[in-house]
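Reader: I am new to this structure and should like to understand the terms applied to it. Please explain how each label follows from its cut-off.

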Amino acid sequence: MNPLEEAQARIGSEYDVRVLEPSPPAVAREPFTDDPLARGGVADGRTLVAPFETGVAGDLTWDALARDPSLGDADLVQWCAARALGAWPPAPQPPATAALVATRLSLHALAEHVLCAARHRANGKIGLRFTRGGFGTPFFGADEQVRVEGTTLVYTAFTPARETRTDLTTLGDAASAVGIAPGAPDLFTPTTPLDVDRPFDLDAAALDVFAWWYGFATAVFAQLCVDADSNPPDAPPPSLVQIWPEHFDIACDLGDTAAGHRANFGASPGDATHPEPYLYVGPWDTTFLAEPPDPYWNESFGASLAYSALLGATDAREAALAFFRAGRDLLAG
């Protein structure tokens, strides 16, 4: 699967396109991944279509294009929604907590012991990304990618071209399908056990929640990171938006480090103290939390917003952006 090539073919040669999913070829230098937030050059006579507002006059968003009735492309709304590019769908209803947690733990084990392990063998990196229907690696090695799509493990390589699709059963079978020994890299202590024969516990409704969650969060962070207010003068740029396998959250860092304003902005699929997914802001300097802080800061580490709050929101993406921008602006004073 080549999402960038697919998107270009979908809307034609009058546009240059940017997407959120990893695309080949593999990047053989730091940071060993493509950056979906890089505007890059635009060919003469073309209009850039991006999954975020770039701030450059003349650029379009996928969302605006999908909702443009003059184009007469009724299927573009569904096409964009499936790829977290625009026309963003509402949060899915979650299943019972037990099913949500069991599915999360199974997917987390895959992330730690198979997906990041496959990438780490090629370039020493462990970060993962949103991919359609779930999550996966950036392209690595011989233009290879490993990703989870629902209940399927997809292994793709472009040199030579091949794709295998394997039902998710156990960690052992998943690792075998990719051609590696299962086990987390020694860069971190895994949260999940390396139980190669234990069957995965995957609930269909929970899989829908997590597939939506990573695409939704990627789209939100894409816009947050390109906001002018997220890029103050002399501050380091926002970091790459990545899924960190040891925590299984998707996050980025932004803000002025020297001024004490930098923080982790993340979306966790849930953890031991939060059974449902949640958004969070974790300031690097938390000394101000020892005093009675603004009520926004509702966690010992910073602030959180629960999945249930997004579930009831008229526009979940705007609610998430408002939450993150509020934290960013409070930190900046």
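**Burial and salt bridges**

Author: Arg-317 has a relative accessible area of 10% and is buried. This is a predicted model, in which local features need pLDDT of at least 70 and side-chain atom pairs count only at pLDDT 80 or more, while totals for chains, interfaces and linings use all residues. Residues are numbered from 1 along each chain as its sequence is written, and side-chain values use heavy atoms, with hydrogens and water left out.

Reader: Why is Arg-317 called buried?

Author: Buried means under 20% relative accessible area, exposed over 50%, and partly exposed in between (1.4 Å probe, protein chains only). The value for Arg-317 is 10%, so the residue counts as buried.

Reader: What makes Glu-318 partly exposed?

Author: Its relative accessibility is 39%, which lies between the two limits, and Glu-318 is therefore partly exposed.

Reader: How do you know that Arg-317 and Glu-318 meet in a salt bridge?

Author: A salt bridge requires a side-chain nitrogen of Lys or Arg within 4 Å of a carboxyl oxygen of Asp or Glu. For Arg-317 and Glu-318 the N to O distance is 3.6 Å, so the pair qualifies.

Reader: Why is the pair of Arg-328 and Asp-329 called a salt bridge?

Author: The closest N and O atoms are 3.0 Å apart, so Arg-328 and Asp-329 satisfy the definition. Arg-328 is buried at 7%, whereas Asp-329 is partly exposed at 40%. Salt bridges that share partners join Asp-227, Asp-229, Arg-325, Arg-328 and Asp-329 into one network.

Reader: How many salt bridges are found in the whole structure?

Author: The search finds 17.
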